[in-house]
Amino acid sequence: MYHKFQISGKVFMALGLKMKILITVLFSCVLIWSTMLLSSSNNNFKNQFLDDTTSDSKETPRDKLLGGLLTADFDEGSCLSRYHKSFLYRQPSPYKPSEYLVSKLRSYERLHKRCGPDTNAYKKATENLVRDENYASKSVGECRYIVWVAGYGLGNRMLTLASVFLYALLTERIILVDNSKDVNDILCEPFPGTSWLLPLDFPLMNYTYAYSYNKEYPRCYGTMVKNNTINSTSIPHHLYLHNLHDSRDEDKMFFCEKDQSLINKVPWLIIQANVYFVPSLWFNPTFQPELMKLFPQKDTVFHHLARYLFHPTNQVWGMITRHYHAHLARAEETLGIQIRVFRKDAGYFQHVMDQIVSCTQRAKLLPELAAQEETQANMTYTPKVKAVLVTSLYPEYSDNLKNMFWERPSSTGEIIEVSQPSGERVQQTDKKLHDQKALAEMFLLSLTDNIVTSAWSTFGYVSYSIGGLKPWLLHTPRGNKTPDPPCVRSTSMEPCYLTPPSHGCDADWGKNSGKIFPFVKSCEDVVYSGLKLHDEL
C-alpha cells in the first residue's frame with residue numbers, strides 16, 4: 001500500500017510539474033499574443049494618424065498638387081503645408097483648375113525666375129528706376145513689375161495679394177511683395193527657385209520717406225487722370241495705384257482698356273489696396289476672354305489663387321494641425337463660426353449671440369436644446385459628435401455656446417463640442433504671433449464642413465473661399481437688435497468687392513456696374529454697394 005501511494009505521489013508530482021510548465025507556456029503565449037495585438041493596434045492607430053495627415057486610402061489617393069495648381073519643384077520639409085493641406089480636407093475640392101490656368105502658372109513661374117530679385121534683369125530695372133526719376137518714353141523690356149504695399153489687416157492683405165497676382169498674370173508683370181511687414185513669418189514662398197519678397201533696399205520704398213503712398217503722391221495715377229497730367233506721349237517710369245476704400249472713380253479706372261494701354265508702358269507699378277478688386281478686372285474687354293479661359297467657373301477665382309499662393313509656414317502649420325487633431329478630426333461633422341463685431345465698443349453682445357444661435361438653428365447647422373422630458377430618451381444610443389470651431393476676438397461667444405450644450409442635451413441627441421483657438425480681444429495687426437494665430441484660424445475655418453461668417457468680414461471671406469464653401473452670412477445688426485432673418489446663404493464662394501466703381505468703363509459710365517454682366521452681382525451682405533462673382537446659372 002505504501003509503495004502504491006509513493007508511486008501515485010510521484011506520478012502526481014510529475015503531472016503537476018507538467019501542468020505548471022504547460023500553464024507557464026500558455027501564459028507566455030497569451031502575453032506574447034497580447035503584446036503583438038497591442039503593438040498591432042498601436043501601429044494601426046499610428047498608421048491611421050499618418051493616413052489622416054499625409055495620405056488617403058489606396059483606393060482614393062489624394063492629389064497633393066491640387067490638380068496641377070502646385071508644382072512639384074519644392075522640398076516638402078521646407079514648407080509642410082504646401083503639399084499636406086489637401087490631406088486634411090475630408091473630401092478633395094470639387095473645383096478643378098482649368099488646364100489653361102495650370103499652364104499660365106507654370107509660364108509665370110519661369111518669368112518670375114528670370115526677372116525676380118537677384119537677377120540681372122531686376123538689377124538693371126532698379127538701376128534705371130534710380131537714374132530716371134523723370135518722365136521717359138523708353139521701350140519696356142520683358143521684365144515689368146508691380147509692387148504690393150502691405151496695409152490693413154491680414155484678411156485684407158490676402159485678398160489684395162490674390163487680386164494683384166491675378167492682375168500680374170493678365171499683364172505679364174512680376175509681383176513683388178512688401179517685405180517690411182514680415183510676410184515670410186506667416187507664408188512660405190509660392191514660386192520655385194526665386195523669391196516674391198521685395199528687397200529691403202528697393203529705392204521707391206526709401207522714396208516714401210519724402211512722400212507717403214496716398215492720393216497726394218506725385219505719381220498717383222488717379223490724381224494724374226483727374227488733373228489731366230498724364231498721356232501716352234510722356235510715360236512715367238513708375239506709377240502709384242491707389243485702390244483703397246477711399247479710392248475715387250479716377251483711381252478705379254486703372255483696370256479699363258484705354259487706361260491699361262498707357263499703364264502697360266510703365267515699367268514699375270506700386271499698388272496699395274485693402275479691397276478684393278478682382279470683379280472689376282472682368283470689365284476690361286481685353287482681360288475678359290483671358291479670364292474666362294483661366295476660370296470657366298467664375299466663382300472659383302480666389303479659391304484657386306489662394307490655394308496656389310498661400311502656404312502657412314511650418315510654425316503656423318503646427319498650430320493648425322494640433323488644433324485640428326485635438327478638436328475636429330474625430331467629429332462626424334464640423335461647423336465653423338466666425339464672429340466679427342464692427343463697432344467702436346466691440347465686444348460681447350447678447351443680440352449677436354442670439355443671432356448666431358438663431359442662424360445656426362434655422363439653417364439646421366446646430367440642433368435645438370432638448371425638452372426636459374427628452375433628456376434621458378436621447379442618451380440610449382451612441383451619440384453623433386459635431387465639432388464647432390468658433391473664431392472671434394472675444395471668447396464669451398464660444399463660452400456661452402459651449403455652456404448651452406453642456407447644461408442641456410440637444411434635441412437630436414448629438415454631442416456638440418465647441419472650441420476656440422484664441423481670444424485676443426484686440427486686433428494686433430503686424431504683431432508676429434497675432435498674425436500667425438489669425439492665419440491658423442482662417443485655415444482651420446476653411447477645413448470645416450459648413451461655415452457661418454460675419455458680413456463685411458475679410459477674415460471670413462478668406463476662410464470660406466479657401467475651403468470652397470458657400471457660407472451663411474450673418475446680417476449686420478442695426479442697433480442692438482437681432483436681424484430677422486439672422487443670416488442668408490451665399491450662392492457664391494467668392495469674396496465681396498466692398499467698394500467697387502460706380503461705373504464700368506467709358507461707354508458704361510454712370511451705369512450700375514452690378515448689372516453689366518450676369519455673373520457680377522451684388523453681394524448678399526453688402527447689397528447696396530458690394531460686387532461679387534457668381535458662376536452663371
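Search this predicted model from end to end for aromatic pairs and you get 25 of them. Take Y108 and F165 to begin with: their ring centres sit 5.2 Å apart and the planes meet at 90°, so this is an edge-to-face pair. It ties together distant parts of the chain, with Y108 in helix α3 and F165 in helix α5 (residues 154–171), 57 residues apart. Y108 has a relative accessible area of 3%, so it counts as buried, and F165, at 0%, is buried too.

Helix α5 also supplies Y167, whose partner is F254. Here the ring centres are 5.7 Å apart with the planes at 70°, so this pair is edge-to-face as well. Again distant parts of the chain are linked: F254 belongs to the loop between β3 (238–243) and α8 (257–263), 87 residues from Y167. Y167 is buried at 1% relative accessible area, and F254 is buried at 3%. These two don't stand alone, either, since ring pairs join Y167 and F254 into a cluster with F255, F277, W282, F283, F287, F517 and F519.

Rings in this model have charged company too. The charged end of K64 sits over the ring of Y83, 5.2 Å from its centre, while R82 lies over the face of F74, 3.5 Å from the ring centre.

Now for some backbone oddities. Most residues other than glycine have a negative phi, and most peptide bonds are trans. L66, in the loop between α1 (2–54) and α2 (80–88), has a positive phi of about 55° without being a glycine. D118 is another non-glycine with a positive phi, near 75°, and its place is the loop between α3 (99–115) and α4 (120–131). Are these two buried or exposed? L66 has 10% relative accessibility, so it counts as buried, whereas D118, at 69%, counts as exposed. As for peptide bonds, the one from D484 to P485 is cis, with omega near 5°; P485 is found in the loop between β9 (472–474) and β10 (487–489).

Finally, have a look at helix α14 (residues 396–407). At 1.5 Å a residue, its 12 residues should span 16 Å, and the end C-alpha atoms are indeed 16 Å apart, so the two agree. Its buried residues are Y397, S398, L401, M404 and F405. Looking down the helix axis, they fall within an arc of 125°, so they line one face of α14. Their cover includes β5 (333–338), α13 (350–362), β6 (385–391) and β7 (415–419). On the face turned away from that buried side, you'll find W406 and E407, which are exposed.

Technical notes:
Residues numbered from 1 in each chain as written. Predicted model: local features only at pLDDT ≥ 70, side-chain atom pairs only at ≥ 80, totals over all residues. Heavy atoms only, no water. Helix = DSSP H or I, 4+ residues; strand = E, 2+ residues; numbered from the N terminus. Expected span 1.5 Å × (residues − 1). Buried < 20%, exposed > 50% of the residue type's maximum accessible area, 1.4 Å probe, protein only. Arc of directions from axis to C-beta. Contact = heavy atoms within 4.5 Å. Phe/Tyr/Trp six-rings, centres within 6.5 Å; stacked < 30°, edge-to-face > 60°. Lys NZ or Arg CZ within 6 Å of the ring centre and 35° of its normal.
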